[in-house]
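Colleague: I have some questions about this model. Please take me through the reasoning each time.

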Amino acid sequence: MNAQLQPNEARLEPMREADLDAVLAIEQQAYAHPWQRRHFADCLAGGYQAQLLMAGDTLLGYFVAMKGFEEAHLLNLAVAPAHQRQGWAQVLLEALALWARGQALQWVWLEARASNARAVHVYKAHGFRYVGLRKQYYPAHHGQREDALVMSLKLD
């Protein structure tokens, strides 16, 4: 059963070490070059903002962000493939923006693969603007590298 969930069924929870198997399962399905367990574990140990989006016992998605001086940097955001195209990425981005505002931060920054048109569309729809390019930022297939689009969101 893959019925579309309603926003009132979703809740945020802090990511914990015990959640990493479920997080890694989504990460490996969602990305050709997924983060490894150690990346998530390091972020948790470092006190980064890491939130799960849950509906009942179902993990819909997650984000990991790092707080800096007057800004947050979105490091990772993923929605489980079975729940994509249902608006959950927007829910995660709004949760990130609310957290950042609560920390009195002024900006949210991120990088997106230049080839990831779907993600770029989601970020633009949420108000992020293109501000630059990081050449050969991401690993790609066959030892190649891929450019990253740098995007930012000014928080009011």
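Colleague: Which side chain does the side chain of Glu27 join in a polar contact?

Modeller: This is a predicted model, and Glu27 sits in helix α1, residues 20-30. Beyond its sequence neighbours up to four places away, Glu27 touches Pro34, Trp35, Phe40, Tyr62, Asn76 and Ala78. One of these shares a polar contact of 2.4 Å with Glu27, side chain to side chain, and that residue is Tyr62.

Colleague: How far from Glu27 is the nearest side chain of opposite charge?

Modeller: Glu27 is buried and has no salt bridge. A salt bridge needs a nitrogen-to-oxygen distance within 4 Å. The nearest side chain of opposite charge belongs to Arg113, and the distance is 9.0 Å.

Colleague: Which strands stand at the edges of the sheet, and why is one side of each left without a neighbour?

Modeller: The open sheet has 7 strands with mixed pairing, in the order β1-β2-β3-β4-β5-β7-β6. A strand at an edge has a single partner, so one side of it has no neighbour in the sheet. The edge strands are β1 (10-14) and β6 (129-139).

Colleague: What angle does the direction of helix α3 make with that of β4?

Modeller: Helix α3, residues 88-102, packs on the sheet and touches β1, β2, β3, β4 and β5. Its direction and that of β4 (71-79) make an angle of about 155°.

Colleague: Which residue in β3 stands opposite Leu53?

Modeller: Strands β2 (residues 49-55) and β3 (residues 58-68) run antiparallel and are joined by 7 bridges. Opposite Leu53, the residue in β3 is Gly61.

Colleague: How many residues apart are Arg37 and Asp21, which link distant parts of the chain?

Modeller: Their side chains meet in a salt bridge of 2.1 Å, N to O. Arg37 belongs to helix α2 and Asp21 to helix α1, and their separation in sequence is 16 residues.

Colleague: Is Asp21 buried or exposed?

Modeller: The cut-off for exposed is over 50% relative accessible area. Asp21 has 54%, so it counts as exposed.

Colleague: Which strands hold Asp147 and Lys135?

Modeller: The two side chains form a salt bridge at 3.9 Å, N to O. Asp147 is partly exposed at 21% relative accessibility, while Lys135 is exposed at 63%. The residues are 12 apart in sequence, with Asp147 in β7 and Lys135 in β6.

Methods:
Residues numbered from 1 in each chain as written. Predicted model: local features only at pLDDT ≥ 70, side-chain atom pairs only at ≥ 80, totals over all residues. Heavy atoms only, no water. Helix = DSSP H or I, 4+ residues; strand = E, 2+ residues; numbered from the N terminus. Buried < 20%, exposed > 50% of the residue type's maximum accessible area, 1.4 Å probe, protein only. Lys, Arg positive; Asp, Glu negative; His and termini not counted. Polar contact = N/O pair within 3.5 Å; in protein donor to acceptor, adjacent residues only side chain to side chain. Contact = heavy atoms within 4.5 Å. Pairing = 2+ DSSP bridges. Axes fitted to C-alpha atoms, helices over the stretch in contact; angles between N-to-C directions.
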